[in-house]
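Visitor: I am new to this structure and should like to be guided through it by question and answer. May we begin once it is in view?

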Amino acid sequence: MSQDSLFGGPAPEQSISALPGKNLFATHAGSPLAARMRPQSLDEVVGQEHLLAPGKPLRRLVEGSGEASVILYGPPGTGKTTIASLIASQMGQNFVGLSALDSGVKQVREVITHARQELIHGRRTVLFIDEVHRFSKPQQDALLAAVENRTVLLVAATTENPSFSVVAPLLSRSLLLQLHSLSDDDLRGVAKRALESDRGLGERNIRINDEALDQLVLLAGGDARRTLTYLEAAAEAVDDGGEITPQTVTDNVNKAVVRYDRDGDQHYDVVSAFIKSIRGSDVDAALHYLARMVEAGEDPRFIARRLIVHASEDIGMADPTALQVAVAAAEAAQLIGMPEARIPLA
């Protein structure tokens, strides 16, 4: 079964128990590098030591001995689907994958009904739900009894804050585990392994110099999948036995993708960091967060309003001209629009 089949649920004519868990994340020669290099054991997983250390609930789950349902929350490319694939390899045919994008209450109830039948024969079912924040309230409520009674062991993944996107009863029945963005050293290790592994680019004997590797890591922004995607793009421009240089990276990966969402956590986190940087008189940090918002397409009027509030509330009479400057910048941004509005805002 291809990886795409993971998110479509079982075929109508095929029973869930007939789906071999070890093939849910199967790849082929034409699969993206990131898919081919997905860790196949705990030893290959980088980062997340706070969750995968010996004795931790998530490690017990991956090793096949965990009992608690979990919700994995973290940025893209930090290992949520990888952890699900490792659980799949341990649970074998009793692993079912659904996606909130194309599964409804009916599919969830079918899985639970089948899981009850399996439980009679002493076989536990692990249910992996990707993008669980896209499940509606009725869809999430359909899981409650099965999770509470441990009819299924739920492993859910989300990039959104579960406090806002997952119903409270389901949160109270699961362990909430937050995954962190990977460190620069973690990403370097991921890239080097891909260059050396037979599953990756090992047969091509491609090298990468340190400066180019640092550039890739910087562009990836803590995302292992993005690191491998960029590495694959750069490697396509190099002959077998050749070397990836900074110029190769620049020519093939010319822009970093800013992690920001106008309707989610990043919207509030970044503007909060922006205001705190101004409050702390850290000019460089303030300009950094301003640039992230502008580059991601944030409404300049929103930024201008926050600056006016900051000038009024935090600065106040300590500098009476701050409010005048903020209002003038807001009016200038309104008059000239983007992209020039970034200048008065800065």
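**A guided reading of the model**

Guide: Strand S4 (residues 152-158) is largely enclosed by the rest of the structure, because 7 of its 7 residues are buried. Please bear in mind throughout that this is a predicted model.

Visitor: Which residues of S4 are buried on one side, and which on the other?

Guide: Both faces of S4 are covered. On one side the buried residues are Val-152, Leu-154, Ala-156 and Thr-158. On the other side they are Leu-153, Val-155 and Ala-157.

Visitor: In what order do the strands of the open sheet lie?

Guide: Strands of a sheet pair through backbone hydrogen bonds, either parallel or antiparallel. In this open sheet of 5 strands the pairing is parallel. The order is S2-S3-S4-S1-S5.

Visitor: Which are the edge strands of that sheet?

Guide: An edge strand here pairs on one side only. From one strand of the sheet to the next, the twist averages 20°. The edge strands are S2 (95-99) and S5 (175-178).

Visitor: How many bridges join S1 to S4, and how many does the pairing of S3 and S4 have?

Guide: Strand S1 (residues 70-73) runs parallel to S4, and S3 and S4 also pair in the parallel sense. Between S1 and S4 there are 4 bridges. For S3 and S4 the number is 5.

Visitor: Which residue of S4 is the bridge partner of Ile-71?

Guide: Along S1, Leu-72 stands opposite Ala-157 in S4, and Tyr-73 stands opposite Thr-158. The residue paired with Ile-71 also has Ile-129 standing opposite. That partner is Ala-156.

Visitor: Which residue of S5 is the bridge partner of Tyr-73?

Guide: Both faces of S1 are covered, with Val-70 and Leu-72 buried on one side and Ile-71 and Tyr-73 on the other. S1 runs parallel to S5, and 4 bridges join the two strands. In S5, Tyr-73 is partnered by Gln-178.

Visitor: Where do the buried residues of helix H11 lie around its axis?

Guide: The buried residues of H11 (residues 210-220) are Ala-212, Leu-213, Leu-216, Val-217, Leu-219 and Ala-220. They cover an arc of only 165° around the axis, so they lie on the same side of H11.

Visitor: Which residues are exposed on the other side of H11?

Guide: The buried residues of H11 are covered by elements including helix H10 (184-196), strand S6 (207-208), helix H12 (224-235), strand S7 (243-244) and helix H13 (246-252). Just after H11, Gly-221 takes a positive phi of about 60°. The exposed residues on the other side of H11 are Asp-210, Glu-211 and Leu-218.

Visitor: Is Arg-124 buried or exposed?

Guide: Arg-124 lies in the loop between helix H5 (105-120) and strand S3 (125-130). Its side chain reaches the backbone oxygen of Arg-150 at 3.3 Å. Because its relative accessible area is 17%, and buried means under 20%, Arg-124 is buried.

Visitor: What is the relative accessible area of Arg-150?

Guide: Arg-150 is placed in the loop between helix H7 (144-148) and S4. Its phi is near 60°, a positive value in a residue other than glycine. Arg-150 is partly exposed, with a relative accessible area of 41%.

Visitor: Is Ser-281 buried or exposed?

Guide: Ser-281 is found in the loop between helix H14 (265-279) and helix H15 (283-295). Although it is not a glycine, Ser-281 has a positive phi of about 60°. With a relative accessible area of 63%, Ser-281 is exposed.

Visitor: Which residues does a cis peptide bond join?

Guide: Most residues other than glycine have a negative phi, and most peptide bonds are trans. The cis bond has an omega of about 10°, and its proline, Pro-339, is in the loop between helix H17 (321-336) and helix H18 (342-345). The bond joins Met-338 and Pro-339.

Visitor: Over which residues is the pLDDT below 50?

Guide: The mean pLDDT of the protein chain is 82, and 87% of its residues reach 70 or more. The stretch with pLDDT below 50 has 45 contacts in the model beyond near neighbours in sequence. That stretch is residues 1-24.

Technical notes. Residues numbered from 1 in each chain as written. Predicted model: local features only at pLDDT ≥ 70, side-chain atom pairs only at ≥ 80, totals over all residues. Heavy atoms only, no water. pLDDT = per-residue confidence, 0-100. Contact = heavy atoms within 4.5 Å. Buried < 20%, exposed > 50% of the residue type's maximum accessible area, 1.4 Å probe, protein only. Arc of directions from axis to C-beta. Polar contact = N/O pair within 3.5 Å; in protein donor to acceptor, adjacent residues only side chain to side chain. Pairing = 2+ DSSP bridges. Axes fitted to C-alpha atoms, helices over the stretch in contact; angles between N-to-C directions.
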